[in-house]
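Thanks for coming. I'll take one model today and go through it from the whole chain down to single residues. Please have a look at it first.

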Amino acid sequence: INKLDIVLLNVDNSRWFDLIEKYDVNGIPQLNFFDDQGDFKGFSLGVRKYSELNEIFLALINNSELPSLPLF
């Protein structure tokens, strides 16, 4: 279905501490990626260009391997 859900967590809000700990969020921005079944597929740490985000999102939508991008 060519759509993507995005959820934002504020690391300064104690409401999200369980998820912050579970996914070891230790940088801003940190993007965690999940497939349509909710299974963790990978993460990205640091600012991304539009083209990089587009590559990642297309891979998620098409259920293919995430691109290998350098960490910042």
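Of the contacts in the chain with a separation of 6 or more, 22% are between residues 24 or more positions apart. Keep in mind that this is a predicted model. The chain has 72 residues, and buried residues make up 18% of them. Along the principal axes, the C-alpha atoms fill a box of roughly 35 × 30 × 15 Å.

Now the secondary structure. There are two helices and two strands, and from the N terminus on the order is α-β-β-α.

Let me start with helix α1, and with one residue in it, D18. Is D18 buried or exposed? D18 is exposed: its relative accessible area is 52%, and the cut-off for exposed is over 50%. As for distance, D18 and G46 are separated by 28 residues in sequence, and their C-alpha atoms are 22 Å apart in space.

Next, helix α2, residues 50-61. A check on its length: at 1.5 Å a residue, its 12 residues should span 16 Å, and the end C-alpha atoms are indeed 16 Å apart, so the two agree. Which residues of α2 are buried? They are E52, I56, A59 and L60. These residues cover an arc of only 100 degrees around the axis, and therefore they sit on the same side of α2. What do they pack against? The buried residues of α2 pack against both β1, residues 30-34, and β2, residues 40-45. After α2 comes N63, which has a positive phi, near 55 degrees.

That leaves the pockets. The largest pocket has a volume of about 1,100 Å³. It is lined by 29 residues, and the closest to its centre are D5, I6, V7, N32 and F34. Three elements give two or more residues to the lining: α1, which is residues 17-22, β1 and α2. Which of the elements gives the largest share? That is β1, with five residues. By residue type, the lining of the largest pocket divides into 20 nonpolar, five polar and four charged residues.

To put two of these points together: β1 is one of the strands that the buried residues of α2 pack against, and β1 also gives the largest share of the lining of the largest pocket. Helix α2 is likewise among the elements that give two or more residues to that lining. That's what I have; I'll take questions now.

Note on methods. Residues numbered from 1 in each chain as written. Predicted model: local features only at pLDDT ≥ 70, side-chain atom pairs only at ≥ 80, totals over all residues. Heavy atoms only, no water. Helix = DSSP H or I, 4+ residues; strand = E, 2+ residues; numbered from the N terminus. Expected span 1.5 Å × (residues − 1). Buried < 20%, exposed > 50% of the residue type's maximum accessible area, 1.4 Å probe, protein only. Arc of directions from axis to C-beta. Contact = heavy atoms within 4.5 Å. 1 Å grid on protein atoms, 1.4 Å probe; cavity = no way out; pocket = protein on both sides within 12 Å on 5 of 7 lines; lining within 4 Å. Points joined across faces, edges and corners; volume = space filled by probe spheres on them. Nonpolar A, V, L, I, M, F, W, Y, C, P; charged D, E, K, R; others polar.
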